[in-house]
Amino acid sequence: MTPILLLYLCMACGFAFGKASLAYMPPLLFVGARMSIAGLILVWYQFFFKKERFVVHLQHGALFAAMCLFHIYGSYALEYWA
């Protein structure tokens, strides 16, 4: 039960932080910075804790870019813009 409460606490803090940070930067810059920091954390975790090889094939580049643009950046940018 405690991990679920901690998860909801983190989500609530995230919304409050997002609302407060919009007073200092535009929504698109905020979403871009937030996703860049999250991506760096994930790459850091993959590099140091998962000693498996991480390969992104060039043929998947367009799909990866479309997913980043529409699914992640688009949904969060519209959420904070609203």
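**Aromatic pairs and a nonpolar surface patch**

Across the whole structure, a search identifies 5 aromatic pairs. One of these joins W44 and F49 in an edge-to-face arrangement, with 5.6 Å from centre to centre and 80° between the planes. The arrangement is assigned as edge-to-face because the angle between the planes is over 60 degrees. F49 also pairs with Y45, and this second contact is tilted, with a centre-to-centre distance of 5.5 Å and an angle of 35° between the planes. The coordinates analysed here are those of a predicted model.

The residues of these two pairs were further examined for their accessibility. F49 has a relative accessible area of 53% and is therefore classed as exposed, the cut-off for that class being over 50%. W44, at 47% relative accessibility, counts as partly exposed. Y45 likewise counts as partly exposed, with a relative accessibility of 41%. Both values fall between the limits of 20% and 50%, so neither W44 nor Y45 is assigned as buried or exposed. Ring pairs also extend to F47 and F48, linking these residues with W44, Y45 and F49 into a cluster.

A separate analysis concerned nonpolar side chains on the surface. I4, L7, Y8, M11 and F15 form a nonpolar surface patch, and their accessible area together amounts to about 540 Å². Among the members of this patch, F15 lies in helix α1, which comprises residues 2–21.

Conventions:
Residues numbered from 1 in each chain as written. Predicted model: local features only at pLDDT ≥ 70, side-chain atom pairs only at ≥ 80, totals over all residues. Heavy atoms only, no water. Patch = residues over 30% accessible without salt bridge, like charges linked within 9 Å, V, L, I, M, F, W, Y side chains within 5 Å. Areas by Shrake-Rupley, 256 points an atom, 1.4 Å probe, with all protein chains shown as cover. Salt bridge = Lys/Arg side-chain N within 4 Å of Asp/Glu carboxyl O. Helix = DSSP H or I, 4+ residues; strand = E, 2+ residues; numbered from the N terminus. Phe/Tyr/Trp six-rings, centres within 6.5 Å; stacked < 30°, edge-to-face > 60°. Buried < 20%, exposed > 50% of the residue type's maximum accessible area, 1.4 Å probe, protein only.
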